[in-house]
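Please look over the sequence and the model below, and then follow the report, which begins at one end of the chain and moves on to the whole.

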Amino acid sequence: MGLGGCIILIAVGAILTFATDWHMSGVNLDLVGVILMAVGLIGLVTFSGIARRRRVVVPPTRVVEEERHVPRDGYSDGYGA
């Protein structure tokens, strides 16, 4: 479950708990909403912990360019015979 799924669970749970007044026989919608919000919060904490571990900071590497010294003997520069 990703970040979006956790947020949706929290939102649906809050709607069921605070914004509805439906009464179903055998189902307590307030309790279902609280459970959904709790599962969403647990998922959010778990997701953030996993995402924090995935972010690995790699120190920058130094690139050292070497200069090539080509010996010039007069014949290898293209002008000699």
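In this predicted model, residue M1 is found in the segment before helix α1. M1 is exposed, with a relative accessible area of 60%, and together with L31, I35 and V39 it forms a nonpolar patch on the surface, for which the accessible area comes to about 390 Å² in total.

The helix that follows this segment, α1, covers residues 3-18, and its 16 residues reach 22 Å from the first C-alpha to the last, which is close to the 22 Å expected at 1.5 Å a residue. Within α1, the residues C6, G13, L16 and T17 are buried. Because these residues cover an arc of only 100° around the axis, they lie on the same side of α1. The general background is that an α-helix has 3.6 residues a turn, so residues three or four places apart point the same way. On the face of α1 turned away from its buried side, the exposed residues I8 and F18 are found.

For the chain as a whole, the computed totals are set out below.

| Property of the protein chain | Value |
|---|---|
| Helices and strands | 2 helices and 0 strands |
| Residues that count as buried | 12% of the 81 residues |
| Exposed area | about 7,400 Å² |
| Share of the exposed area from carbon and sulfur atoms | 63% |

As for contacts, if those with a separation of 6 or more in the protein chain are considered, residues 24 or more positions apart account for 53% of them.

Note on methods:
Residues numbered from 1 in each chain as written. Predicted model: local features only at pLDDT ≥ 70, side-chain atom pairs only at ≥ 80, totals over all residues. Heavy atoms only, no water. Helix = DSSP H or I, 4+ residues; strand = E, 2+ residues; numbered from the N terminus. Buried < 20%, exposed > 50% of the residue type's maximum accessible area, 1.4 Å probe, protein only. Contact = heavy atoms within 4.5 Å. Areas by Shrake-Rupley, 256 points an atom, 1.4 Å probe, with all protein chains shown as cover. Expected span 1.5 Å × (residues − 1). Arc of directions from axis to C-beta. Patch = residues over 30% accessible without salt bridge, like charges linked within 9 Å, V, L, I, M, F, W, Y side chains within 5 Å. Salt bridge = Lys/Arg side-chain N within 4 Å of Asp/Glu carboxyl O.
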